Amino acid sequence: MAEPELPGDIVRDDAPAFTSKDRDERGGAAPNGESSVSGVAVTINRPASELYAYWRDFGNLATFMLNVEAIEVKDHDRSHWTVAGPNGSYEWDAIVTEDVPDTRIGWRAEHGDVPNSGWVSFTEAAPGRGTVVTAMIAYSPPAGIVGKLVAKVTQKEPAIQARRDLRRFKQLMETGEIATTTPPNREPKS
Amino acid sequence: MRALTWHGKHDVRVDTVPDPEIINPRDAIIKITSTAICGSDLHLYDGYIPTMQAGDILGHEFMGEVVETGPKSTLKKGQRVVVPFVIACGSCYHCSKQQYSGCDNGNPADNQDIAQELWGQVAPGLFGYSHMTGGYPGGQAEYVRVPFSDVGPIVIPDGVDDDKVLFLSDILPTGWMAAENADIEDGDIVAVWGCGPVGLFAIQSALLMGAHRVIAIDHFPHRLSLAKGLGAEVLNFEETDIYDALMTMTGGIGPDAVIDSVGLESHGLFVDNIVDQIKASTFLGTDRPHALRQAIVACRKGGRVSVPGVYGGMIDKFPFGALMEKGLTLKTGQTHVQRYLPALLTAIMEDKIDTTFMISDRMALEDAQKGYKKFHDEQNVCTKVVLKPDWAKGA
Ligand SMILES: NC(=O)c1ccc[n+]([C@@H]2O[C@H](COP(=O)([O-])OP(=O)(O)OC[C@H]3O[C@@H](n4cnc5c(N)ncnc54)[C@H](O)[C@@H]3O)[C@@H](O)[C@H]2O)c1
Ligand SMILES: [Zn+2]
Ligand SMILES: [Zn+2]
């Protein structure tokens with residue numbers, strides 16, 4: 001944080017805390033003291049209500065979240081997640097901690113291998129541009145920093161995945177499909 | 001099927017590879033009837049474009065017949081189509097502004113990180129042009145899968161030769177957009193660097209858009225003769241001091257608009273923190289950015305700089321002072337192909353634009369390896385190679 005010299009000096013700018021260069025300030029964005037925090041935003045040319053509705057139906061998320069192996073919806077606010085990680089699968093229950101229709105969904109993991117929490121928000125973009133979808137993900141890598149490094153190398157690092165997942169969400173919502181070059185279940189050709 | 005595949009520097013081969021299949025609902029499969037080798041392909045051939053993988057199918061200028069459609073394709077089996085080299089969704093913000101080459105959704109999400117790191121935002125998907133632009137198999141093949149087939153391909157009426165419409169896929173709209181970006185006004189003198197296919201179409205387009213004179217620059221006598229045939233005055237940079245000549249020929253003013261259709265593609269495509277494999281291929285010894293510097297310095301005060309030539313990264317000694325002090329306007333970009341197709345097809349049908357004059361070689365797809373070598377080694381006479389998948393080898 002900057003030191004004020006003159007009254008009215010800006011001590012904290014308008015950027016989201018998760019973009020801060022200051023580790024502490026960045027960490028302050030973690031809802032439950034998780035060690036790693038990151039955020040990403042994407043603008044999707046669709047109405048917020050449609051994007052919120054798709055997302056809130058958690059069973060849909062596996063469609064565009066590549067590392068998610070399964071999401072089992074248990075009740076309105078609880079779902080069980082199985083996610084591929086660098087050393088096999090991780091599991092947790094995600095509990096909805098915040099739910100503002102068409103606006104914001106927050107969650108937190110319970111009974112899990114990887115402490116994590118986050119939120120996704122849907123805000124109207126400039127006229128004609130659809131909705132800004134912002135996601136924040138906080139987590140504590142299972143094996144500390146080593147786990148995180150390994151995850152980075154294997155590109156299963158949650159922040160990288162979140163960025164890619166949001167791109168896929170945008171593709172699906174805007175075009176009805178997810179760009180790929182891989183045929184599903186390609187049969188080996190002779 | 002048979003396809004031209006990349007295996008490394010100066011190593012392309014016609015191989016047997018799996019047929020493409022419909023993957024997404026908006027896809028179509030095209031049986032290719034004509035496919036060209038582009039100046040951009042030479043940079044893959046020379047090994048300067050990162051994120052290529054052995055076995056990648058090349059080709060981004062192609063046309064053919066629709067043989068299979070996904071449930072959401074609007075094409076019909078049997079239609080003849082030309083396919084834009086840019087894969088654009090038609091529904092994102094950029095597409096809604098007809099900035100198709102800015103499309104957010106054509107490139108698989110996992111391939112978008114490199115462009116986002118290098119350029120700040122994601123790159124579009126392109127056919128047959130490395131994995132950072134999607135890793136899509138290209139069209140120098142018997143068949144190709146075309147995503148978003150309801151948006152990109154343009155249907156060609158029966159009875160129009162492939163040769164007349166093939167270049168709608170890339171170089172014709174590229175030359176056209178280059179001239180459009182030059183914002184040509186009455187009385188303008190336009191200087192065009194590079195008389196390859198892109199430069200030649202830029203010359204033709206500039207004249208159609210009302211340029212008073214066009215001055216074309218290259219060093220290949222045959223390419224200069226094609227430029228002259230279109231109505232340009234020509235300069236050979238090996239024989240003539242280009243700046244002095246342009247200043248004299250414009251009465252000491254400088255050209256009103258300058259077009260760089262040389263490009264340097266791979267040069268400086270790489271920033272410091274990209275992997276060594278990429279760094280190793282940095283094209284340091286080149287003098288090709290010379291054309292862009294020269295164009296900016298020659299351009300008159302308040303003039304316009306249009307850059308269809310491909311650049312990928314950093315360039316040294318960019319005369320930014322000249323750009324600022326002279327108040328120049330700079331416009332560039334990968335071509336928004338889809339934007340120009342209907343009007344250009346009409347112009348071709350009305351014989352206002354001739355596209356066939358630059359085709360120097362037609363050969364079988366089976367002979368594509370020879371085609372690459374010739375286009376690479378004999379640039380003066382070999383101005384454009386068109387490959388035919390249904391011709392017999394050696395035909
Ligand atoms: N913007 C786009 O979407 C788009 C599309 C297609 C091609 N391109 C790019 O346009 C450029 C030209 O493509 P092409 O197919 O015509 O390639 P090409 O290689 O056939 O032509 C380039 C020409 O530039 C000439 N040249 C080289 N140095 C020169 C100099 N210093 N001064 C004047 N002329 C010089 C060469 O002799 C050659 O004739 C390439 O960079 C290509 O990648 C861009
Ligand atoms: Zn091209
Ligand atoms: Zn788009």
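A good way into this structure is a couple of rings in chain A: A:Trp55 and A:Phe64 are both buried. Before going further, keep in mind that this is a predicted model. With ipTM at 0.89 and pTM at 0.92, those are the scores to carry along as we walk through the two chains.

Back to the rings. Over all chains, the count of aromatic pairs comes to 15. A:Trp55 and A:Phe64 make up one of them, with 5.5 Å from centre to centre and 55° between the planes, a tilted pair. These two residues also belong to a wider group: A:Tyr52, A:Tyr54, A:Trp55, A:Phe64, A:Phe122 and A:Phe169 form one aromatic cluster. Elsewhere in chain A, a ring has a charge for company, as the charged end of A:Arg104 sits over the ring of A:Trp119, 4.4 Å from the ring centre.

What does the rest of chain A look like? It has four helices and seven strands, and reading from the N terminus the order is α-β-α-β-β-β-β-β-β-α-α. The chain is 190 residues long, and 43% of them count as buried. If you take the contacts in chain A with a separation of 6 or more, 44% come from residues 24 or more positions apart. Confidence averages a pLDDT of 87 here, with 89% of the residues at 70 or more. Helix H2 (residues 48–56) of chain A has the highest mean among the chain's elements, at 98, while helix H3 (residues 144–153) has the lowest, at 57.

Now over to chain B, where the mean pLDDT is 92 and 94% of the residues score at least 70. One stretch to treat separately is residues 265–287, where pLDDT stays under 50. The model still gives that stretch 42 contacts beyond four places in sequence.

Chain B has an aromatic pair of its own to look at. The ring centres of B:Phe62 and B:Phe127 are 5.1 Å apart and the planes meet at 85°, so this pair counts as edge-to-face. B:Phe62 sits in strand S5 (residues 61–69), whereas B:Phe127 is in the loop between strand S8 (125–126) and strand S9 (143–146), so the pair ties together parts of chain B that are 65 residues apart in sequence. Both B:Phe62 and B:Phe127 are buried.

Then there are the zinc ions. Which residues hold the zinc ion (ligand 2)? Its protein donors are B:Cys38 (SG), B:His60 (NE2) and B:Asp170 (OD), at 1.8 to 2.3 Å. Along the chain, the spacing of these donor residues is C-x21-H-x109-D. B:His60 comes from the loop between strand S4 (56–57) and S5, and B:Asp170 from the loop between helix H4 (162–165) and helix H5 (171–181), so the two tie together parts of chain B 110 residues apart in sequence. B:His60 and B:Asp170 are both buried.

The zinc ion (ligand 3) has an all-cysteine set of protein donors: B:Cys89 (SG), B:Cys92 (SG), B:Cys95 (SG) and B:Cys103 (SG), lying 2.3 to 2.5 Å away. The spacing for this site reads C-x2-C-x2-C-x7-C. Why call the arrangement tetrahedral? The four donor atoms subtend angles of 101 to 117° around the zinc ion (ligand 3), and that makes it so. For reference, the ideal angle for four tetrahedral donors is 109.5 degrees. Two of the cysteines here, B:Cys89 and B:Cys92, are buried.

Technical notes. Residues are numbered from 1 along each chain as its sequence is written. Chains are lettered from A and ligands numbered from 1 in the order in which they are written. This is a predicted model: local features need pLDDT of at least 70, side-chain atom pairs count only at pLDDT 80 or more; totals for chains, interfaces and linings use all residues. Side-chain values use heavy atoms; hydrogens and water are left out. Donors are N, O and S atoms within 2.8 Å of the metal (3.2 Å for Na, K and Ca); water is not among the atoms, so sites may look incomplete. Four donors count as tetrahedral if all angles lie between 85 and 135 degrees; four count as square planar and six as octahedral if opposite donors are over 155 degrees apart and all others between 65 and 115; anything else is irregular. Buried means under 20% relative accessible area, exposed over 50%, partly exposed in between (1.4 Å probe, protein chains only). Rings of Phe, Tyr and Trp (its six-membered ring) pair if their centres lie within 6.5 Å; planes under 30 degrees apart count as stacked, over 60 as edge-to-face and the rest as tilted. A charge sits over a ring if NZ of Lys or CZ of Arg is within 6 Å of the ring centre and within 35 degrees of the ring normal. pLDDT is the predictor's confidence in each residue, from 0 to 100. Contact means heavy atoms within 4.5 Å.
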